[in-house]
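Let's walk through this one from the inside out. Have the viewer open and follow along as we go.

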Amino acid sequence: EAALNVQEWGGNPKPDIMVPLAGTVKEFEHQEALVRRVARQVFEERGDTVEYRVGTMIEIPRAALLAADIAKVAEFFSFGTNDLTQMT
């Protein structure tokens, strides 16, 4: 909704929605589907859309080991090195 507000006010928002703590492809895909479903509902309610990406932060060791697989489905990701360091 915030991105739609910015767009309505003349801005050009490009939001990235980051799913936290996804440890597997299946977990990420589940949350991505939820994000996209809610976005679709908001777009329908507001009668407008904005382009956005859905990605994740690789912040648990299991996700780091599966990063190549997660990269095939996520539109972006970053490494949460602080969390990874604390968990290993």
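Pick V54 and look at what surrounds it in this predicted model. Skipping its neighbours within four places in sequence, V54 is in contact with I17, V19, F28, E32, V35, R36, A74, E75 and F76. So that's the company V54 keeps, where contact means heavy atoms within 4.5 Å.

Zoom out a little and you get to the largest nonpolar core, which has 17 residues. V54 is among those with the most contacts inside this core, along with F28, F43 and Y52. Which elements give two or more residues to the core? They are α1 (2-8), α2 and β2 (53-58). Of these, α2 gives the most, with 5 residues.

Now for the empty space. The largest pocket holds about 200 Å³. Its lining is made up of E1, A3, L4, P15, I17, V35, V38, A39, V42, F43, V50 and Y52. Two elements, α1 and α2, give two or more residues to that lining, and α2 again gives the most, with 5 residues. Sort the lining by class and you find 11 nonpolar residues, no polar ones and 1 charged. You've met some of these names already: F43 and Y52 line the pocket and also rank among the residues with the most contacts in the core, while I17 and V35 line the pocket and are in contact with V54.

One last stop is the backbone at L21. This residue sits in the loop between β1 (16-19) and α2 (25-46). Its phi is near 55 degrees, a positive value in a residue that isn't glycine.

How values were computed. Residues are numbered from 1 along each chain as its sequence is written. This is a predicted model: local features need pLDDT of at least 70, side-chain atom pairs count only at pLDDT 80 or more; totals for chains, interfaces and linings use all residues. Side-chain values use heavy atoms; hydrogens and water are left out. Helices (H or I, at least four residues) and strands (E, at least two) are DSSP runs, numbered from the N terminus. A nonpolar core is a set of buried Ala, Val, Leu, Ile, Met, Phe, Trp, Tyr and Cys residues joined through side-chain atoms within 4.5 Å. Buried means under 20% relative accessible area, exposed over 50%, partly exposed in between (1.4 Å probe, protein chains only). On a 1 Å grid over the protein atoms alone, a cavity is a set of points where a 1.4 Å probe fits but cannot get out, and a pocket is an open set with protein on both sides within 12 Å along at least five of seven lines; lining residues have an atom within 4 Å of a point. Grid points are joined across faces, edges and corners, and a volume is the space filled by probe spheres set on the points. Ala, Val, Leu, Ile, Met, Phe, Trp, Tyr, Cys and Pro count as nonpolar, Asp, Glu, Lys and Arg as charged, and the others, Gly among them, as polar.
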